[in-house]
Amino acid sequence: MKRTFGLAMGIALATASPAVAVNCVDLPNPIYLQVGDTQLNLMKALGRKLRDNTPKPITLVWITSGSCSNIDLMYNHNPATGITLTMSYAPSLAEQATFTTASTPLSCTPPTAAPLFPDIGNSALFTSACTPNAPPATVNLTIGPRQGYVLAMPKGTFETAITAEEAYFVFGFGPTMLATLGSAIGPWIDENQLWIRTVTKSTLLAWAANIGVPAGKFHGTMLNGSPDVVSALQHSSDPKAAIGILGSEVYDGLRDQLTVLAFRAFHQYAAYYPDSTVTSRDKKNLRDGHYTVWSPTIWMDNVNGTTPVNADARYVIDMIAGHPVTPEPNFEPNVVIATVGLVPDCAMRVTRTLEGGPLSLYKPPTSCTCKFEATVDVSTCQTCSASTPCATGTCRDGYCEEL
C-alpha cells in the first residue's frame, strides 16, 4: 500500500576513549542525576559548562535509565534500585579542551557505603504516563524543556512521511499479520526491521500515546537504549524497510546518517517534520503545534517541605527550566538547551496536560522565540540595541521579542 499526501538535532556515537574511573565523591561539588538517555547530550553540554561555571562550579554526575524507572526511584527510594553502576561526568576545559557532545564522558565509581539515590531524577514525558500516583511530599516536580520524538529510517531511503493510521497498523498489528490479511503497508513489511524501546522508556510511551497503541502491544524488536536503535538502523540488513523510534535530539546529532519521517497525526490533512523543513533545526512545527509528538521533560528533586534538600540540585533544575538563578552563570543556559535539540519553555506556543493529549495555545511569561531561532537556525526578527530600539515588542538578548 503506497501513500502520497502533503508535507508541510542527538545522542552522538562515542568517539573518544573512556578515561580511568575515579571515585565520584572526589569530584568538585558533585550533583548526582539519573536521567533518560535522550538527555545524554544535555548532560554532556550542560555538564561541561557547569564544570567551568566560575560563579558556582558544579560537576553533573549522571547515569541513564528509563523514565518510568527514574520516577519510581525518586518517588520510592527503594534501596534495591539505588545507583551502584559506574557513572559519567563531563571534563572541565582544563581536563579535556576538545570535549564535545560527540565525545565519551569520563567515568567515576559511586560511593558504596549505602545505596546512592540521585539528587535529581528526570522523566522525558509526563509522569502520569508511567504512574497514576502524585509525587510524594518529599519530591518536587519542575517542567523543563520540550522533547520531540521521531520515526527515523536509514539514510538513502525514499520515504518522506508516515501517517498516524499507518503507524497504528504497522506497530500495533505488525507487518506479519498485515501481510496475511493482504494489507501490508510498504515499505515497512518486515517485522524484524521495526526497532523500538522497552516499556519503561519515554520514547515508546510517547509514541504509544500519539498513535493509540498500548506500549506493551508494540510490534518490533525492543532495545534498551537509543544508541541501540541508532545502531540497528545503521546496520540494517534491509535499509528500505527499517524504521525506528528516537528522540528528535538524537536524530539531530545524526542527520548525516538517518532520515526523519514527517508525521501526519490523526485528524490532520498534511504531514509535518518537527522543524519547518527537513533541513532546518528550528523546531517550528513542534513549537506551534503542527508536529504533535512531543513531551515535556520533568525534573525531580528531593525536598523537605518546600525547601530543597540540595540547593545546588535546585540551582541546576531551575537553570534547565529557564528560571532565573543566583548566582547568574557565566553562560546562557537556554542556548545550551537549544543547541542540543530541546525546546525551552520560552520558545513554545502550544501546551498540553497529558501525554499525547490535545494541544492548546500557550504564551510563555517571557518569550525567547527570536533568540531560540537565531541560536539553532536563522531568525527573521528585528535586531535591537540601546541605540536601535524596537518598533514593536521589547528588546531582549539583541532581538525584538514579543511582550
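Let me start with a word we will need: a residue is buried when its relative accessible area is under 20%, and exposed when that figure is over 50%, with partly exposed in between. Hi everyone, and please keep in mind that what you see above is a predicted model.

Here is a residue to try that word on. Ala262 sits in strand 14, which covers residues 262-264. Is Ala262 buried or exposed? Its relative accessible area is 0%, so Ala262 is buried. To get a feeling for distances, look from Ala262 to Pro132: the two are 130 residues apart in sequence, and their C-alpha atoms are 31 Å apart in space.

Now a second residue, Asn210. You will find Asn210 in helix 5, residues 202-211. Asn210 has a relative accessibility of 9%, so this residue counts as buried too. What does the side chain of Asn210 reach? It reaches the backbone oxygen of Ala206, at 2.8 Å. If we leave aside the neighbours within four places in sequence, Asn210 is in contact with Phe266, Thr292, Val293, Arg352 and Gly356.

Let's step back to the whole chain. The protein chain is divided into three parts: domain 1 is 2-145 + 295-347, domain 2 is 146-291, and domain 3 is 366-403. Notice that domain 1 is written as two stretches, 2-145 and 295-347.

I'd like to stay with domain 2 and domain 3 for a while. Their C-alpha centres lie 35 Å apart. How many residues are in contact between them? On the domain 2 side there are 5, and they touch 5 residues of domain 3. The size of an interface is often given as the accessible area lost when the parts come together. For domain 2 and domain 3 that comes to about 400 Å², with 55% of it on carbon and sulfur atoms. In domain 2, the residues that lose the most area to domain 3 are Arg281, Asp282 and Arg287, which together make up 83% of what that side buries.

What holds charged groups together here? Side chains of opposite charge can pair when their charged atoms come close. Between domain 2 and domain 3 there is 1 salt bridge. In the salt bridge of Glu373 and Arg287, the side chains meet at 2.8 Å, N to O. There are also 2 residue pairs in polar contact between the two domains. And the side of domain 2 that touches domain 3 has 4 charged residues, 1 polar and no nonpolar.

Glu373 brings us to helix 11, where it is one of the buried residues. Helix 11 runs over residues 369-376 and is mostly covered, with 6 of its 8 residues buried. Besides Glu373, the buried ones are Thr369, Cys370, Lys371, Phe372 and Val376. What do they pack against? Their partners are helix 8 (284-288), helix 10 (333-339) and strand 21 (399-401).

To finish, a tour of some other charged pairs. The model has 14 salt bridges by count. One of them joins Arg51 and Glu95, with the closest N and O atoms 3.0 Å apart. Arg51 lies in helix 1 (residues 40-51), while Glu95 is in the loop between strand 5 (87-89) and strand 6 (106-109), so this pair ties together parts that are 44 residues apart in sequence. The two partners are covered to unlike degrees: Arg51, at 12% relative accessibility, counts as buried, whereas Glu95, at 43%, counts as partly exposed.

Next come Asp312 and Lys56, whose side chains meet in a salt bridge at 3.0 Å, N to O. This pair links distant parts of the chain, 256 residues apart: Asp312 belongs to helix 9 (residues 311-320), and Lys56 to the loop between helix 1 and strand 4 (59-64). Asp312 counts as buried, at 15% relative accessibility.

Helix 9 also holds Arg314, which is linked to Asp301 of strand 16 (residues 294-304), 13 residues apart. In that salt bridge the closest N and O atoms are 2.9 Å apart. Asp301 is buried at 1% relative accessibility, and Arg314 is buried at 17%.

My last stop is a network rather than a pair. Which residues take part in it? Asp252, Arg255, Asp275 and Lys283 are linked by salt bridges. Thanks for listening!

Methods. Residues are numbered from 1 along each chain as its sequence is written. This is a predicted model: local features need pLDDT of at least 70, side-chain atom pairs count only at pLDDT 80 or more; totals for chains, interfaces and linings use all residues. Side-chain values use heavy atoms; hydrogens and water are left out. Domain bounds come from an automatic or database domain assignment. Contact means heavy atoms within 4.5 Å. Buried area is the accessible area (1.4 Å probe) that two parts lose on being put together, summed over both. A salt bridge is a side-chain nitrogen of Lys or Arg within 4 Å of a carboxyl oxygen of Asp or Glu. A polar contact is a pair of N or O atoms within 3.5 Å; within protein, one must be able to donate a hydrogen and the other to accept it, and residues adjacent in sequence count only if both atoms are side-chain atoms. Ala, Val, Leu, Ile, Met, Phe, Trp, Tyr, Cys and Pro count as nonpolar, Asp, Glu, Lys and Arg as charged, and the others, Gly among them, as polar. Buried means under 20% relative accessible area, exposed over 50%, partly exposed in between (1.4 Å probe, protein chains only). Helices (H or I, at least four residues) and strands (E, at least two) are DSSP runs, numbered from the N terminus.
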